[in-house]
Amino acid sequence: MLTEQGIRRYIKSPIDVIFFEASPSTNLEAKSIAATAREGTVIFARRQFSGRGRIGRSFQSPEGGIYMTMLVRPTDPVCLTMAAAVAVRRAMVKKLNLDPAIKWVNDIYWGGKKVCGILAEGALCKNELRYAAVGVGLNYQSPEFTGGLSAKAGSLYPDSQPPVSIDEMAAAMADELYKALTNPSDPSIYREYRASSMLTGKRVVLMREGEPEATAIDVTPQGHLIVRFDDGCTEELYSGEVSVRAAEYPHTV
């Protein structure tokens, strides 16, 4: 069970920790204090009852997961989501000895299923970013998903003992997020994101009218996905959704 005392014991970065037993959403909590909070402040919740993903989707947040949001004031906000994905991946590599894949734009996959989602939100003032709230939800010891989600979403350790406690893993994620989000343009972040992309070389379906298919060929330093259509034309996708064809990567969306 995630605890504030345990997180504080393991965390190494000079950041403020705020902990909730339950919260509607750690991103909402972060935005409510953004005007006065110190950069790097991180909000944890043992569970969320109105967790959100991209495009207004709900994000199931039962006890056993790690739900957190870090507040930053980046001078270069372009690569925040990319930096957050790499930060979570680094924590998984170092603490769990796993080698997860990153699915553009903002998901972490392990064992063919999504185990982590990321949602970055910000506030603009005169076209300048005042702050960014970067939320992360990792299914660490969450129960197995049921129904339609069972083929898409997974949990790292639903029925087994993880290599490190949930508190130690949460602290490691916070440390890696702080390092990555306060320097998101570090070239090593792009290199790792690109090398860990699960889409490169695979057939994907673009989630837009007509649902055209293409082949993902690369990711740019700005985090854009480059795809090539069957007629040879290429397109740079700045945002949106793609799904991987089942034959290319079973059980992923």
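Q: In this predicted model, a residue is buried when its relative accessible area is under 20%, exposed when it is over 50%, and partly exposed in between. Why is lysine 95 called partly exposed?
A: Lysine 95 has a relative accessible area of 29%. Because partly exposed covers the range between the cut-offs of 20% and 50%, lysine 95 counts as partly exposed.

Q: How do you know that lysine 95 and glutamate 168 form a salt bridge?
A: The closest N and O atoms of lysine 95 and glutamate 168 are 3.0 Å apart. A salt bridge requires a side-chain nitrogen of Lys or Arg within 4 Å of a carboxyl oxygen of Asp or Glu, so the pair qualifies.

Q: What makes this pair a link between distant parts of the chain?
A: Lysine 95 lies in helix H3, whereas glutamate 168 lies in helix H4 (residues 166-181), and the two are 73 residues apart.

Q: Is glutamate 168 buried or exposed?
A: Glutamate 168 has a relative accessibility of 18%. The limit for a buried residue is under 20%, so glutamate 168 counts as buried.

Q: Why are arginine 8 and glutamate 4 said to be separated by about one helical turn?
A: Both residues belong to helix H1 (residues 4-10), and they are 4 residues apart, which means a separation of about one helical turn. They also form a salt bridge, with the closest N and O atoms 3.0 Å apart.

Q: What makes arginine 8 partly exposed, and glutamate 4 as well?
A: Arginine 8 has a relative accessible area of 43%, and glutamate 4 stands at 31%. Each value falls between 20% and 50%, so arginine 8 and glutamate 4 are partly exposed.

Q: How do you know that arginine 194 and aspartate 218 form a salt bridge, and what does the pair tie together?
A: Their closest N and O atoms are 2.7 Å apart, set against a limit of 4 Å. Arginine 194 is in helix H5 (residues 187-196) and aspartate 218 is in strand S9, so the pair ties together parts that are 24 residues apart in sequence.

Q: How many salt bridges does the structure hold, and which residues are joined into one network?
A: The structure holds 15 salt bridges. Arg89, Arg90, Asp99 and Glu192 are joined into one network by salt bridges that share partners.

Q: Why is the pair of tyrosine 140 and tyrosine 157 called edge-to-face?
A: The ring centres are 5.5 Å apart and the ring planes meet at 80°. Centres must lie within 6.5 Å, and planes over 60 degrees apart count as edge-to-face, so the pair is edge-to-face. A search of the whole structure finds 1 aromatic pair, and both tyrosine 140 and tyrosine 157 are buried.

Q: Which residues have the most contacts inside the largest nonpolar core, and which helix gives the most to it?
A: This core has 68 residues, and those with the most contacts inside it are Phe44, Ile66, Met92, Leu138, Tyr140 and Met169. Helix H3 (residues 80-96) gives the most, with 11 residues. A second, separate core has 8 residues, among them Ala34, Ile43, Ala123 and Tyr131.

Q: What makes threonine 220 count as buried, and where does it lie?
A: Threonine 220 has a relative accessibility of 9%; the cut-off for buried is under 20%, so threonine 220 counts as buried. Threonine 220 lies in the loop between strand S9 (213-219) and strand S10 (225-228).

Key: Residues numbered from 1 in each chain as written. Predicted model: local features only at pLDDT ≥ 70, side-chain atom pairs only at ≥ 80, totals over all residues. Heavy atoms only, no water. Core = buried A, V, L, I, M, F, W, Y, C linked by side-chain atoms within 4.5 Å. Buried < 20%, exposed > 50% of the residue type's maximum accessible area, 1.4 Å probe, protein only. Phe/Tyr/Trp six-rings, centres within 6.5 Å; stacked < 30°, edge-to-face > 60°.
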